[in-house]
Amino acid sequence: MLRCTLAYADKQCIAMNISALDGGQAFYLHGGFAEGFSEWRGPDLLMFEAISWAKRIGGKSFDFMSSPSSQVGLIKYKEKWGGVSRPQYTVDVYHSRISLYVFQLAMKCFEFKKRIWK
């Protein structure tokens with residue numbers, strides 16, 4: 001289930017929010033706002049509505065999804081709503097036998113490291 005909501009002020013779209021629900025898991029996918037309308041708090045209104053919508057239709061949790069570490073303001077915004085930041089790892093997988101072997105070995109080492117240094 002995908003949902004896109006818009007906030008308007010003075011007949012101008014000032015904010016948007018795209019959320020989804022799959023089973024009991026809700027997701028914040030994307031959002032944005034128009035400069036010059038921050039005092040209207042459009043993104044806050046739409047985030048509150050997205051979380052409320054998810055709860056109304058059976059969502060058990062709301063995932064704010066990851067954000068680039070360079071977007072500190074977005075991370076703080078998600079944490080304001082209860083989001084919990086965790087380290088994120090990105091891996092490029094190449095389609096060759098040796099690359100797959102190296103990837104699998106690296107993942108095993110990573111899991112081993114996590115068990116040792118909690």
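Is K11 buried or exposed? K11 is exposed, at a relative accessible area of 85% (exposed means over 50%, buried under 20% and partly exposed in between, with a 1.4 Å probe and protein chains only). Before the close-ups, a word on what you're looking at: this is a predicted model, where local features need pLDDT of at least 70, side-chain atom pairs count only at pLDDT 80 or more, and totals for chains, interfaces and linings use all residues. Residues are numbered from 1 along each chain as its sequence is written, and side-chain values use heavy atoms, with hydrogens and water left out.

**View 1. The loop between β1 and β2 holds K11 and D10.** Helices (H or I, at least four residues) and strands (E, at least two) are DSSP runs, numbered from the N terminus. Both residues have a positive phi without being glycine: D10 sits near 50° and K11 near 60°. Most residues other than glycine have a negative phi. Like K11, D10 counts as exposed, because its relative accessible area is 65%. Right beside this loop, A9 stands opposite Q12 in β2.

**View 2. Four strands make an open sheet with mixed pairing, in the order β1-β2-β3-β4.** Two strands pair here if DSSP finds at least two bridges between them. The edges are β1 and β4, each of which pairs on one side only. On average, neighbouring strands are turned by 25° against each other, direction ignored (axes are lines fitted to C-alpha atoms, for helices over the stretch in contact, and angles run from 0 to 180 degrees between N-to-C directions). Eight antiparallel bridges link β1 and β2, and eight more antiparallel ones join β2 (residues 12-22) to β3 (residues 25-33). β3 and β4 (residues 61-63), in contrast, run parallel, with three bridges.

**View 3. F27 of β3 is the bridge partner of A20 and stands opposite D63 in β4.** The hairpin of β2 and β3 has two residues between its strands, and G23 takes a positive phi near 65° there. From β3 the chain crosses through helix α1 (residues 42-56) to β4, in a right-handed β-α-β crossover. Right-handed means that, with the strands pointing away from the viewer, the path from the first strand over the helix to the second runs clockwise. Helix α1 lies across β1, β2, β3 and β4, at about 25° to β2.

**View 4. Ten residues make up the largest nonpolar core, among them L21, W53, F62 and Y77.** Such a core is a set of buried Ala, Val, Leu, Ile, Met, Phe, Trp, Tyr and Cys residues joined through side-chain atoms within 4.5 Å. β3 and α1 are the elements giving two or more residues to this core, and α1 gives the most, with four. Zoom in on F62 and you'll find contacts (heavy atoms within 4.5 Å) with residues including S19, F27, M47 and I51, leaving out those up to four places away in sequence.

**View 5. T5 sits in strand β1 (residues 2-9).** T5 is buried, because its relative accessible area is 14%. Leaving out residues up to four places away in sequence, T5 touches A15, M16, N17 and L46.

**View 6. F112 belongs to helix α3 (residues 97-116).** F112 counts as partly exposed, because its relative accessibility is 48%. Its C-alpha atom is separated by 34 Å from that of A20, 92 residues apart along the chain.
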